[in-house]
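Ready for some practice with strands, helices and a ligand shell? Have the model open beside you and work through the exercises one step at a time.

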Amino acid sequence: MNFQPPYPRPHVRKSSFLLRFLRGWNSWIDVLFERSYSMKMGKISQPGMDIFMVNDADWVRRILGDAHAYPKHKLMHRMLEPLLGTSIFTTNGDLWERQRRLVEPAFAQARLRLVFALMADSVAGMTQRLDEVADGRSYEVDGEMTYVTADIIFRTILSETLEESAAKEIYDAFLEFQHHAQRAMILMIYRLPPVYSAWASKRAAKKIRSILSGIIARRMAERDSGQGSARQDILAAMMDAVDPVSGDRFTYEELVDQVCMLFLAGHETSASALTWALYLISQCPHLQDQMLAEIQAAVGERDFELSDIKSLPTVGNVFRETLRLYPPVGFFVREAAQTQCIRDKSVKEGSPILISPWLLHRHRTLWERPDEFDPDRFDTPAGKESSKCAYIPFSKGPRVCIGAAYATQEAVLILASIVRRYRVEADPGHVPKVVGRVTIRSGNGVRVRLQRR
Ligand code: HEM
């Protein structure tokens, strides 16, 4: 049985300028109105700046397909810069191309094979911690999903395990960063100086950056003194990578920015998706039975192996459908490099263009029953058609997520490990409150009840 999970009901009409500001202060999703979910293109007029929202599948493909004509907008860079510095996530042009050439090999299939065992070790730690709470009590899963995904990033990128105290420090600092970065962005859109929010987001980012930069400095010193060559993690691949065009490597400062970016892009997104996935399956006991039967048939009681990931199509579809309904990156911002017409609208050079997986994935004319949770939809002709043109949780084109395969491997492993060991039951009365900030999260947490099988 499919069900319709919660999301903020859109307003009937477009909000006025002032209401948009107030509603967007906590969550950009609260600004949306009914037509946002069916229009192909919208325009939001702000003082001194028109922002365009593109939901037309062909235009989305064109925009995402051309990183030169539609580079990333500086707004995104300014929002994330305190944490990510000048990293691949927000740069453009030659600088981005160089960074992409140096980072991409670290995520090649061969390296993903190497990091699978590290992921599995971390998941074993997760189940030990979950055993402590798997007695049917009401349990908030956000913290554990953030912990295990951050620990996986630490192990696979840096060959370090993440202590619980450092994990807590990072978790709290990141919540603080999200909160203030979202507010700084809203203020910048309204041409107001984001004085306090910018300062507070920098303060939170500094805590995370100081934990990571210490480790990188140590690793570079190790390399320079000829030690540590046996490590096969993602940092080693990035330190060794030589740019085939310029012949040079990442400097220390560049590596700090890239690792902070991979840390954020690589754990917060996955933690958001996994938390929502646990909520969704908690509402569907029959689906869990189907997942369990599939896991038992393919894997039984032995340890998971990398080749199992492809033998668990239902688990894979649960992850895909979670990313459709709650895409961790709810929107991205590009800009028009030249003045032009997009559909019937004149878009000036430099105007921000928003592309929103949140809206595209729930578009009234592009999906059947868009608000329903239905993992089987990806096996139907209609679902396959919709996902071809209107499914972009990892974006598309030259700037597609570098970590898509890594994230899928990790998420299927975590979900399958949880379902094999526990029944994930609903916590009656708990309804998550969807909040759109840097990622899409629940403002009141996600609570379920775990029961050991
Ligand atoms: C469920 C998990 C994930 C989701 C939904 C996700 C989603 C995305 C999206 C939508 C973008 C494009 C953003 C834009 O165009 O502004 C992106 C870019 C990126 N992601 Fe992910 N991501 C996930 C996990 C990861 C992981 C695990 C890593 C690495 C460890 C990673 C690394 C990156 C990088 C480096 C980019 C920038 C690529 C570029 O601009 O060239 N992501 N991701």
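## Exercise 1: a hairpin and its sheet

Strand S1 (residues 41–46) and strand S2 (residues 49–54) run antiparallel and are joined by 6 bridges. Before you go on, note that this is a predicted model, where local features need pLDDT of at least 70, side-chain atom pairs count only at pLDDT 80 or more, and totals for chains, interfaces and linings use all residues. Residues are numbered from 1 along each chain as its sequence is written.

Task: find out how S1 and S2 are connected, and which sheet they belong to.

Step 1. Get the terms straight: strands (E, at least two residues) and helices (H or I, at least four) are DSSP runs numbered from the N terminus, and two strands pair if DSSP finds at least two bridges between them.

Step 2. Pick out one bridge: Ser45 has Asp50 in S2 as its partner.

Step 3. Look at the turn: S1 and S2 make a hairpin with 2 residues between them, and Gly48 in that turn has a positive phi of about 75°.

Step 4. Widen the view: the open sheet has 4 strands in the order S1-S2-S7-S4, with mixed pairing. Its edge strands are S1 and strand S4 (332–335), each pairing on one side only.

Step 5. Check a parallel pair: S2 and strand S7 (residues 352–355) run parallel and share 2 bridges. Here Met53 sits opposite Leu354 in S7.

## Exercise 2: the other sheet

Task: work out which strands stand at the edges of the sheet with 3 strands.

Step 1. Write down the order, S3-S11-S8, in an open sheet with antiparallel pairing.

Step 2. Strand S3 (135–140) and strand S8 (422–426) each have a single partner strand, so one side of each is left without a neighbour in the sheet.

Step 3. Follow S3 to its partner: 4 bridges tie S3 to strand S11 (residues 447–452), and the two run antiparallel. In this pair, Asp135 stands opposite Gln451 in S11.

## Exercise 3: two packed helices

Task: describe how helix H8 (residues 195–224) packs on helix H10 (residues 252–282).

Step 1. Two packed helices are described by the angle between their axes and the distance between the axes.

Step 2. For H8 and H10, the angle is about 130° and the axes are 9 Å apart. Axes are lines fitted to C-alpha atoms, for helices over the stretch in contact, and angles run from 0 to 180 degrees between N-to-C directions.

Step 3. Name the arrangement: H8 and H10 are therefore oblique to each other (under 35 degrees counts as roughly parallel, over 145 as roughly antiparallel, 65 to 115 as roughly perpendicular and the rest as oblique).

Step 4. List who touches whom, with contact meaning C-beta atoms, placed from the backbone, within 7 Å. H8 brings residues including Ile208, Leu212 and Ile216, while H10 brings Leu255, Val259 and Phe263 among them.

Step 5. Sort the contact residues: 11 are nonpolar, 1 is polar and 1 is charged (Ala, Val, Leu, Ile, Met, Phe, Trp, Tyr, Cys and Pro count as nonpolar, Asp, Glu, Lys and Arg as charged, and the others, Gly among them, as polar).

## Exercise 4: around the ligand

Task: which helix gives the largest share of the shell around the ligand?

Step 1. Count the surroundings: there are 22 residues, and the closest are Gly266, Thr269, Phe332, Cys401 and Gly403 (near means a C-beta atom, placed from the backbone, within 6 Å).

Step 2. H10 and helix H15 (404–421) each supply at least two residues of this shell.

Step 3. H10 takes the largest share, with 6 residues.

Step 4. By class, the shell has 15 nonpolar, 5 polar and 2 charged residues.

Methods: Contact = placed C-beta atoms within 7 Å.
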